[in-house]
Amino acid sequence: MSAAPHHPVPATDGSPTTCAGEGFHPHLPAPDATGPDATDPGAAVPLRARLHHVRAGGLDGDTAQSGGMRRFAAISGRTVGSEKLWMGQTHVAPSTASSDHHHGESETAIHVVSGHPEFVFLDHSSGEPVEVRLRTGPGDYVFVPPYVPHREENPDPAHEAVVVIARSTQEAIVVNLPSLHADS
């Protein structure tokens with residue numbers, strides 16, 4: 001895929017011709033040449049006006065949890081100021097299953113990094129609830145719709161399962177349940 005070509009834009013003030021998109025972005029406000037940031041290169045840049053690098057060792061374990069697994073936030077309101085997105089990792093120890101839970105209004109996308117975690121839910125499409133087990137491996141993706149009860153299991157007796165999670169809400173919503181069945 002190649003970059004979009006630059007199209008010269010004639011200047012109206014007698015300055016040299018520039019290329020559209022060069023030196024500015026039309027959807028971002030122009031820098032204030034008179035504000036404190038214009039004269040002080042060390043001035044703080046607002047959280048939502050810069051990129052954030054969260055290193056692998058800098059994940060935040062102080063997030064919503066379920067028994068049998070550990071969640072670590074990378075991208076959240078607290079870590080980087082995100083407003084509509086949460087992203088992080090989940091680790092499930094060998095021979096371990098999480099508690100049954102759902103993620104409220106969040107849509108959840110899962111990418112399997114290592115191990116062979118299994119995702120368990122009840123399928124009601126035949127009229128009777130049938131337990132379904134999605135067996136996954138590295139590189140696989142899983143989508144969890146809002147409010148769908150499920151659990152993660154790691155049947156491997158020797159290796160941890162690690163997945164990357166992205167949620168459509170700014171923080172990790174986790175509602176722990178006594179069972180996958182609503183009537184339990």
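Start with the secondary structure: colour the chain by it and you should find 2 helices and 13 strands. Keep in mind that this is a predicted model. Of the 184 residues, 29% count as buried. Switch on contacts between residues at least 6 apart in sequence, and 67% of them join residues at least 24 apart.

Next, select Gly-61, in the loop between helix H1 (36-39) and strand E3 (70-75). Gly-61 is partly exposed, at 23% relative accessible area. Leaving out residues up to four places away in sequence, Gly-61 touches Arg-70, Arg-71 and Phe-72. Draw a C-alpha to C-alpha distance to Arg-71 and you get 6.3 Å, for a pair 10 residues apart in sequence.

Now for the charged side chains. The whole structure has 7 salt bridges. Show Asp-100, Glu-118, Glu-131, Arg-133, Arg-135, Arg-151 and Glu-153 together: salt bridges link them in a network.

Zoom in on Arg-151 and Asp-100, whose closest N and O atoms are 3.0 Å apart. Arg-151 sits in strand E11 (residues 150-154), while Asp-100 is in the loop between strands E5 (96-97) and E6 (101-102), 51 residues apart. Both residues are buried.

Stay on E11 and pick Glu-153, which forms a salt bridge with Arg-133 at 2.4 Å between the closest N and O atoms. Arg-133 lies in strand E9, so this pair ties together parts 20 residues apart in sequence. Glu-153 is buried at 16% relative accessible area, whereas Arg-133 is partly exposed at 26%.

Last stop: Glu-118 and Arg-135, in a salt bridge of 3.4 Å, N to O. Their strands are E8 (residues 118-123) and E9 (residues 130-135) respectively. Which partner is buried? Glu-118, with a relative accessible area of 10%; Arg-135 counts as exposed at 63%.

Terms used: Residues are numbered from 1 along each chain as its sequence is written. This is a predicted model: local features need pLDDT of at least 70, side-chain atom pairs count only at pLDDT 80 or more; totals for chains, interfaces and linings use all residues. Side-chain values use heavy atoms; hydrogens and water are left out. Helices (H or I, at least four residues) and strands (E, at least two) are DSSP runs, numbered from the N terminus. Buried means under 20% relative accessible area, exposed over 50%, partly exposed in between (1.4 Å probe, protein chains only). Contact means heavy atoms within 4.5 Å. A salt bridge is a side-chain nitrogen of Lys or Arg within 4 Å of a carboxyl oxygen of Asp or Glu.
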